[in-house]
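This report looks at helix packing and internal cavities. Have the sequence and the 3D view open while reading.

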Amino acid sequence: MTEQGVRWSAEQVLSLAPDAASRTAGGKLGTAGPWSEAGSGEGTVWGLCKGSGSRPYQTVVDLTDAAGPAYKCSCPSRKFPCKHALGLLLLWAGDDGSVPASAELPDWAEQWLAGRRERAQSKQARGEGSSGSAAADPEAARRRAERRAERVTAGATELEQRLADLLRGGLATAEQAGYGLWDETAARMVDAQAPGLAARVRELGAIPASGAGWPARLLEECALLHLLDQGWLGRDRLPDSLAATVRSRLGLPATADGTPVRDHWLVLAQYDTVDPKLTTRRIWLHGSASGRTRLLLSYGAAGRAPELSLPVGLALDAELSAYPGAGQSRSALGERFAPPVPAAFRPPGTTTAEAAARYGEALRDDPWLESVPVTLDRVIPVPDGDLWQLTDADTDSALPLARAARSRPGLWRLVALSGGAPVTVFGECGHRGFTPLTAWPQSTGEAIPLC
């Protein structure tokens with residue numbers, strides 16, 4: 001999409017916004033009024049935006065990076081992209097002549113691009129050097145892995161004892177103990193280098209305050225924790241793929257060693273989850289030729305957006321390599337052969353009944369799986385008392401929406417897109433219900449992000 005005559009849509013630009021406030025502010029700057037000396041060329045867009053100060057903000061966006069656009073703005077905002085970068089891209093996407101094709105970059109934009117290229121080359125050189133060093137001492141790596149396995153085993157054994165004590169004393173003790181019991185146990189799992197166990201233990205602390213029926217939910221989660229502990233302690237007796245899944249659920253590092261698959265990967269959805277220490281970005285992709293739906297994970301320190309950013313509705317010509325584990329969707333992004341470009345295709349859809357069956361089948365390979373990626377075809381969002389569900393237009397089956405999805409603005413965007421007519425919806429289907437992430441109206445092929 002460098003300068004091939006194909007520009008992004010406004011929705012694809014706004015899907016890059018780090019939050020709702022940036023989306024609104026960027027939309028207000030998507031007109032020619034505040035901009036001067038705007039131009040585009042060689043996959044770069046630039047311009048000067050009038051602000052509250054005497055000097056305009058210098059804004060430039062590099063669209064050639066296959067990992068997603070990169071931004072530079074002289075404004076003091078710590079958001080990426082800032083409202084000026086969003087406004088500039090919206091102005092460019094409008095294709096009304098406000099951002100003409102220019103043969104020459106301004107000096108300030110050229111200096112930034114040159115710096116990016118130099119840093120990218122240095123990073124690649126460092127990566128090649130570190131790979132060689134790691135490969136040179138496999139014995140040291142083996143010893144580190146053994147020491148970590150011993151710590152994890154000690155942590156899993158201790159957690160088994162704590163779960164047994166909880167059940168022996170009765171689940172009511174969990175309500176009386178509050179969060180303190182679980183926070184201390186989670187800290188012990190962190191010490192044991194089992195972050196996956198720590199995360200699941202922390203979630204137990206919120207269950208006693210989750211309303212009616214919490215003892216049953218607590219017992220279910222304790223059972224899954226017990227199963228994970230036992231999976232690790234008996235990993236030598238498991239099939240290789242299931243043992244890899246157990247290691248993944250415990251949070252142990254793994255290498256994406258699957259055979260690289262080159263395809264045109266449609267960006268189905270992108271959204272972030274934030275905790276006090278880390279921002280996790282989930283990007284769902286669908287291969288046009290392979291038919292596979294894969295997940296990319298990208299991380300950023302607290303308060304900073306992850307580096308990888310791919311607008312919904314674009315297609316990426318790239319290779320993906322799968323991580324080990326039964327039923328795992330996660331892949332690593334490998335070689336990228338071109339920047340992302342707008343795509344007209346969408347994944348094939350299924351019915352709500354088939355989606356629920358697909359999740360059930362996936363649980364056989366990964367009992368700890370929260371959800372599976374699913375595209376529903378010809379569904380209509382309808383209210384069900386205080387709840388909402390997606391109903392098949394051609395059958396009498398439906399899927400309830402997850403509780404979290406019912407409180408998001410994306411629900412009302414989906415209802416407005418449908419207007420009572422069938423739509424195609426991509427999302428995550430799991431034991432909590434269906435979470436819609438992207439929709440395609442029947443009348444157009446444009447993907448509309450819902451998250």
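## Burial and helix α7

Buried here means under 20% relative accessible area, computed with a 1.4 Å probe on protein chains only. The model is predicted.

Helix α7 covers residues 179–191, 13 residues in total. From first C-alpha to last, α7 reaches 18 Å. That is close to the 18 Å expected at 1.5 Å a residue. Which residues of α7 are buried? They are W182, T185, A186 and M189. Viewed down the axis of α7, these buried residues fall within an arc of 105 degrees, so they line one face of the helix.

That buried set packs against three helices: α5 (138–169), α6 (172–177) and α8 (195–204). Just after α7, Q193 takes a positive phi of about 60 degrees.

## Helix α8

Helix α8 has its own buried set: G196, L197, A198, R200, V201 and L204. R200 is one of these buried residues.

What do the buried residues of α8 pack against? Their partners are α5, α7, α9 (214–233) and α10 (240–250). Helix α5 is thus listed for the buried residues of α7 and for those of α8.

## Cavities

How many cavities of 30 Å³ or more does the model hold? The count is two. The largest has a volume of about 50 Å³.

Its lining is made up of A405, R408, G410, L411, P436 and L450. By class, the lining of this largest cavity divides into four nonpolar residues, one polar and one charged. Arg counts as charged and Gly as polar, so R408 is the charged member and G410 the polar one.

Conventions:
Residues numbered from 1 in each chain as written. Predicted model: local features only at pLDDT ≥ 70, side-chain atom pairs only at ≥ 80, totals over all residues. Heavy atoms only, no water. 1 Å grid on protein atoms, 1.4 Å probe; cavity = no way out; pocket = protein on both sides within 12 Å on 5 of 7 lines; lining within 4 Å. Points joined across faces, edges and corners; volume = space filled by probe spheres on them. Helix = DSSP H or I, 4+ residues; strand = E, 2+ residues; numbered from the N terminus. Expected span 1.5 Å × (residues − 1). Buried < 20%, exposed > 50% of the residue type's maximum accessible area, 1.4 Å probe, protein only. Arc of directions from axis to C-beta. Contact = heavy atoms within 4.5 Å.
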